[in-house]
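Hi everyone, thanks for making time for this. I'd like to walk you through a structure that's probably new to most of you, so let's put it on the screen.

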Amino acid sequence: MTDDLDDLQDLKAAMRAASPAPDAARKARNLALAEKNYAELQGSRVGARPNSERPVSGLWRGIRSMLNVVSSRGGLIGTTALIAVTFVAFGPISELAMPPAPSPQPLFVTEEAAAVPAVPAVPAAPERAKAVTGGSNGLADLVAPSSAFSGLAEQSQMQAAPTSRRALSPGVGTLQVMSDEAAPRPAQSNTEAFANADPNPIHVTAEDPVSTFSIDVDTASYSVVRNALMHGRLPTPESVRIEEMVNYFNYGYPGPDAQGDAPFTTHVSVTQTPWNPGTQLVRIGIQGALPAVEDRPPLNLVFLIDTSGSMQNADKLPLLKQSFALMLNQLRPEDQVAIVTYAGSAGQVLAPTAAADRATILAALNRLEAGGSTAGQAGLQQAYRLADTMGQEGDVNRVILATDGDFNVGLSDPEALKDYIARQSDGGTYLSVLGFGRGNLDDATMQALAQNGNGTAAYIDTLNEAQKLLVDQLSGALFPIADDVKIQVEFNPATVAEYRLIGYETRALRREDFNNDAVDAGEIGAGHAVTALYEVTPVGSDARLTEPLRYGSNVASDQTGTGADEIGFLRLRYKAPGSDSSALIEQPIGADAGGQSQAEAGFASAIAGFGQLLRDDSYLGDWGWDEAIALANANRGEDPFGYRAEAVQLMRLAQSLSQ
């Protein structure tokens, strides 16, 4: 007993030496609050009362466990004294357990904002720290920590205004407040790059009557725009490709007859321009044939999956796995799937496997993890080599590259890689590119790879988008029906004073490229549809933006007979898959071409206006968001899956963000 008392005296002396000078008033307040907390814990509450079967968590549970272990009288006395000192030094336990209140978040930022993520607080320098005094308020007096606004699929972030953070000082029992300005922040710039060009200019028909371009069935831009708006940001203008927004939607063009020679049909209509009563919209539509499932050729797929460290976010590799799992259900049992990954180096993780063995394919997908750098070139080369071993005569071979676009290893010569992909496509293996995630999305590289690989580029930001692309439109995404499809329109200077092509800036071709079969162009898949819009100014219209030439010929008075009532003449060239020579389709564009229903034309016009508003197009005049929303709403037509209704909501959101 004497030894225990001596030990206790030594412990008390050590405590007095290490403890700050006593504050009688503060001690009385803390003890009173401790007794109040103790009484409340002993009393009945609304929730279930803690007991041996439902213990409380945190510090109280740890103290009780410690007391159960310590059994000697001296040990109990010593631990009790230690608990008392803890009460005095740190304040009431009940207040320590209270989480800080969240600080206000900035609601909207632009995609141009710098990407600076919130970082954990670190101890401040002593001269910048301010001690928090004790008292009944305790931690409630601290300023709540701030954080930067962060979207699930948007990595470019806006830095929050400097506020204060909590930090525990090196001293015993002292809490400090530090400024965010003192805390280091890692630099994380937005490395996204988009393929685009300035909007097409006005062309004077008498000087430049011919317009030539490659078709584009890609829809990546619409998904990128939607992703930005859904995360409270207006998309950057360079990310908006109007043709991909228009082509996101189905306009119900009739397909070709089974006995037809061409793999697609062509549709032309002329309607009033909604944003300019003095001009007209010429809409050119192409609808690919959709063969029955049993008529599809055998399909060999190589999933080339980016597993680099940048793919670890939930909207990247995890969403990719879910998306590919959806697609597996659409494959036939005899189709084959193989998987190649790349991260630092490339490797095969699944040998060619029949689609019927779904469990094996899913198991290989589920094992994938993100880590390492991005050796994209090595991955592509291995994927193509593997695809060469899978195909037989008449099969469709396709590599599907899934990535966030961050090719940072192995691209010492991008032009050589494009040539390599083009040679592979000439050999019959197509390349499609699926983009995931934001922040380092290299859209420009993805577009270049897909165009050289005779494939398509798409962006998947939600499982709904994966459903649309890889389930509902799988045939169009995987089975080509026409290669190198080019469009050329010769406008009639007798009836059209000016014209401009809306979108397709990155698909422009020279006039002489149209008849040159060596010049690459876009592909159409089974069931794919393509829409192109021209705004034309009739001769004599007050909407003409250019002055007629003083010494120019009067073409209107010189032209009589054939073609006098035509707006222009449409030509299309395409190749059958695997063919080296093209076929030609021609038809005039009449001034009274009615085409399809006004509702379909009206909705296409509304989406074209949507894209021009996002790019701040000067050709729209006073026509704005209210008019675009009203036009889209009035022409939604049949909308079984809600894609058109979603577009209207995106317009409304863009209007709010633009204000």
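**A salt bridge inside a sheet**

Let's start with one pair of side chains: Arg 500 and Glu 535 form a salt bridge, with their closest N and O atoms 2.9 Å apart. Before I go on, a caution: this is a predicted model. Back to our pair. Arg 500 belongs to strand 15 and Glu 535 to strand 17, so the bridge links distant parts of the chain, 35 residues apart. Are these two buried or exposed? Both are buried: Arg 500 has a relative accessible area of 2%, and Glu 535 has 6%. The cut-off for buried is under 20%, so each of them counts.

Now, the neighbourhood of Glu 535. Nine of the ten residues of strand 17 are buried, so that strand is largely enclosed by the rest of the structure.

So which strands make up the sheet? It's an open sheet of five strands, and the order goes 4-15-17-7-6, with antiparallel pairing. At the edges sit strand 4, residues 203-204, and strand 6, residues 264-272, each of them pairing on one side only. Just as a reminder, strands of a sheet pair through backbone hydrogen bonds, either parallel or antiparallel.

Let's go across it pair by pair. Strand 15 and strand 17 are antiparallel, paired over six bridges, and Val 496 has Pro 538 in strand 17 as its bridge partner. Moving on, strand 17 is joined to strand 7 by eight bridges, again antiparallel. Here we meet Glu 535 again, since in strand 17 it stands opposite Leu 281. Then strand 7, residues 280-288, joins strand 6 through nine bridges, and these two also run antiparallel. In that pairing Val 268 stands opposite Ile 284 of strand 7.

What packs on this sheet? That's helix 16, residues 598-614, which touches strand 6, strand 7, strand 15 and strand 17. Its direction makes about 105 degrees with that of strand 7.

**The cores**

On to the nonpolar side chains. In soluble globular proteins, nonpolar side chains tend to be buried together. Here, the largest nonpolar core has 66 residues, and Phe 303, Phe 324 and Tyr 534 are the ones with the most contacts inside it. Take Tyr 534, leaving out residues up to four places away in sequence: among the residues it touches are Leu 281, Val 282 and Ile 284, along with Tyr 499, Arg 500 and Leu 501. So yes, Arg 500 from our opening pair is on the contact list of Tyr 534. Apart from that core lies another one, of 37 residues, and its members include Phe 249, Ile 502, Ile 629 and Leu 650.

Keep Phe 249 and Leu 650 in mind, and look at Tyr 222. Tyr 222 lies in helix 6, residues 220-230, and it counts as buried, at 0% relative accessibility. Which residues is Tyr 222 in contact with, beyond its neighbours in sequence? Leaving aside those within four places, the contacts are Glu 244, Met 245, Tyr 248, Phe 249, Tyr 643, Glu 646, Ala 647 and Leu 650. And the C-alpha atoms of Tyr 222 and Asn 247, 25 residues apart along the chain, are separated by 8.9 Å.

**More charged pairs**

How many salt bridges does the structure hold? There are 20. One of them joins the side chains of Glu 192 and Arg 438, at 2.7 Å from N to O. These two are 246 residues apart: Glu 192 is in the loop between strand 3 and strand 4, and Arg 438 is in the loop between strand 12 and helix 12. Glu 192 is buried at 16% relative accessible area, and Arg 438 is buried at 1%.

Another links Arg 332 with Asp 335, where the closest N and O atoms are 3.5 Å apart. Arg 332 is buried at 11%, and Asp 335 is buried at 0%. There's also a network of salt bridges linking Arg 226, Asp 461, Glu 465 and Glu 646. Glu 646, you'll recall, is among the contacts of Tyr 222.

**Zooming out**

Last, the whole chain. It comes to 18 helices and 19 strands, and 47% of its 659 residues count as buried. The chain exposes about 31200 Å², with carbon and sulfur atoms supplying 53% of that. And of the contacts between residues at least 6 apart in sequence, 79% join residues at least 24 apart.

Note on methods
Residues numbered from 1 in each chain as written. Predicted model: local features only at pLDDT ≥ 70, side-chain atom pairs only at ≥ 80, totals over all residues. Heavy atoms only, no water. Pairing = 2+ DSSP bridges. Helix = DSSP H or I, 4+ residues; strand = E, 2+ residues; numbered from the N terminus. Contact = heavy atoms within 4.5 Å. Axes fitted to C-alpha atoms, helices over the stretch in contact; angles between N-to-C directions. Buried < 20%, exposed > 50% of the residue type's maximum accessible area, 1.4 Å probe, protein only. Areas by Shrake-Rupley, 256 points an atom, 1.4 Å probe, with all protein chains shown as cover. Core = buried A, V, L, I, M, F, W, Y, C linked by side-chain atoms within 4.5 Å. Salt bridge = Lys/Arg side-chain N within 4 Å of Asp/Glu carboxyl O.
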